[in-house]
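Visitor: Hi, could you walk me through this one? I'd like to hear how the pieces pack together.

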Amino acid sequence: RRAGFTTGAIHSRYRGKDELLAEAIDHATTDEFEALFTDHRFEGRMEDILRIAGSHLVDRADTTGPGSGLRLESFTAARHEADVAALLRDRMEDRHERLARIVDAAKATGGIDADLDTTALVTFCHAVGLGFLLLEVVDLPLPDTGSWEALIARLLAAVGDPEAFAGPAAT
């Protein structure tokens with residue numbers, strides 16, 4: 001009603017709630033990767049992309065927009081609505097592939113240890129990001145930006161190529 005549509009108008013456009021939710025998700029959520037690439041110029045190493053993307057997890061500035069809460073609702077709906085599950089799966093697979101390319105590029109330059117499994121690292125990144133989604137819902141306090149960025153830096157150093165961090169050999 002608030003949107004100015006009748007129930008009949010909605011039913012003529014969408015087969016059911018799952019189609020309506022899928023379109024709402026498509027419309028209301030932005031692609032975080034695209035926003036990060038637009039907002040920042042990445043002239044440095046590929047692992048810097050991971051550092052900047054990870055640091056944005058503690059920024060709740062974007063949780064008040066039209067997509068706020070919709071992401072979690074979409075995951076809940078996906079348990080019962082095949083169309084929503086397919087939409088989310090496609091989105092997650094696309095993000096997985098994009099993040100895997102970033103990780104593989106960092107492996108090629110020694111920023112990430114080539115022996116680490118790309119899928120395992122990408123899955124870890126997604127798990128952390130999705131965990132933040134749950135923290136937003138219950139409005140738990142987040143660490144300050146500096147502390148979080150220090151942790152991200154340590155994690156990136158830990159997954160870095162050991163040879164790149166070994167320094168000069170002792171003579």
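Guide: Happy to; we can start with the overall make-up and then turn to a few helix pairs. Keep in mind that this is a predicted model.

Visitor: Sure. How many helices and strands does the protein have?

Guide: The secondary structure comes to nine helices and zero strands. Read along the sequence, that gives the pattern α-α-α-α-α-α-α-α-α.

Visitor: And what share of the residues is buried?

Guide: Buried residues are 29% of the 171 residues in the protein. As for the surface, the protein exposes about 11300 Å², with carbon and sulfur atoms supplying 57% of that area.

Visitor: What about contacts between residues at least 24 apart?

Guide: If you take the contacts between residues at least 6 apart in sequence, 69% of them join residues at least 24 apart.

Visitor: OK, let's go to the helix pairs. At what angle do α5 and α6 pack?

Guide: Helix α5 covers residues 70–78 and helix α6 covers residues 82–108; they pack at an angle of about 120°, with their axes 8 Å apart. The two helices are therefore oblique to each other, and their crossing is left-handed.

Visitor: Which residues make the contact?

Guide: From α5 you have Ser74, Phe75, Ala77 and Ala78, and from α6 there are Val84, Ala85, Leu88 and Met92. By class, that contact of α5 with α6 has seven nonpolar residues, one polar and no charged ones.

Visitor: Let me pick on Ala78. Is Ala78 buried or exposed?

Guide: Ala78 sits in helix α5 and has a relative accessible area of 19%. Buried means under 20%, so Ala78 counts as buried.

Visitor: What does Ala78 touch, leaving out residues up to four places away in sequence?

Guide: Ala78 touches Val84, Ala85 and Leu88 on that count. Take Leu88: Ala78 and Leu88 are 10 residues apart in sequence, and their C-alpha atoms are 7.6 Å apart in space.

Visitor: Nice. Switching partners, how do the axes of α5 and α7 cross?

Guide: Helix α7 spans residues 118–138, and its axis comes within 9 Å of the α5 axis, crossing at roughly 110°. Angles of 65 to 115 degrees count as roughly perpendicular, so that is the description for α5 and α7. Here α5 passes α7 in a left-handed crossing.

Visitor: Which residues meet there?

Guide: Arg71, Leu72 and Phe75 in α5 meet Leu130, Leu133, Leu134, Glu136 and Val137 in α7. The contact has six nonpolar residues, two charged and no polar ones. Phe75 is one to look for in both places, since it is listed in the α5 contact with α6 and in the α5 contact with α7.

Visitor: That leaves α6 against α7. Is that crossing left-handed or right-handed?

Guide: The α6 and α7 crossing is right-handed. Their axes are 9 Å apart and the packing angle is about 125°, which makes α6 oblique to α7.

Visitor: And who's involved on each side?

Guide: On the α6 side, the residues are Met92, Arg95, His96, Leu99, Ala100, Val103, Asp104 and Lys107. Across from them in α7 are Thr118, Thr119, Leu121, Val122, Cys125, His126 and Leu130. They divide into eight nonpolar, four polar and three charged residues.

Visitor: Which α7 residue should I look at to link this back to α5?

Guide: Try Leu130: it is listed in the α7 contact with α6 and also in the α7 contact with α5.

Notes
Residues are numbered from 1 along each chain as its sequence is written. This is a predicted model: local features need pLDDT of at least 70, side-chain atom pairs count only at pLDDT 80 or more; totals for chains, interfaces and linings use all residues. Side-chain values use heavy atoms; hydrogens and water are left out. Axes are lines fitted to C-alpha atoms, for helices over the stretch in contact, and angles run from 0 to 180 degrees between N-to-C directions. Helices (H or I, at least four residues) and strands (E, at least two) are DSSP runs, numbered from the N terminus. Angles under 35 degrees count as roughly parallel, over 145 as roughly antiparallel, 65 to 115 as roughly perpendicular and the rest as oblique. A crossing is left-handed if the near helix is turned anticlockwise from the far one by less than a right angle, and right-handed if clockwise. Contact means heavy atoms within 4.5 Å. Ala, Val, Leu, Ile, Met, Phe, Trp, Tyr, Cys and Pro count as nonpolar, Asp, Glu, Lys and Arg as charged, and the others, Gly among them, as polar. Buried means under 20% relative accessible area, exposed over 50%, partly exposed in between (1.4 Å probe, protein chains only). Accessible areas come from the Shrake-Rupley method with a 1.4 Å probe; for residues, only the protein chains shown count as cover.
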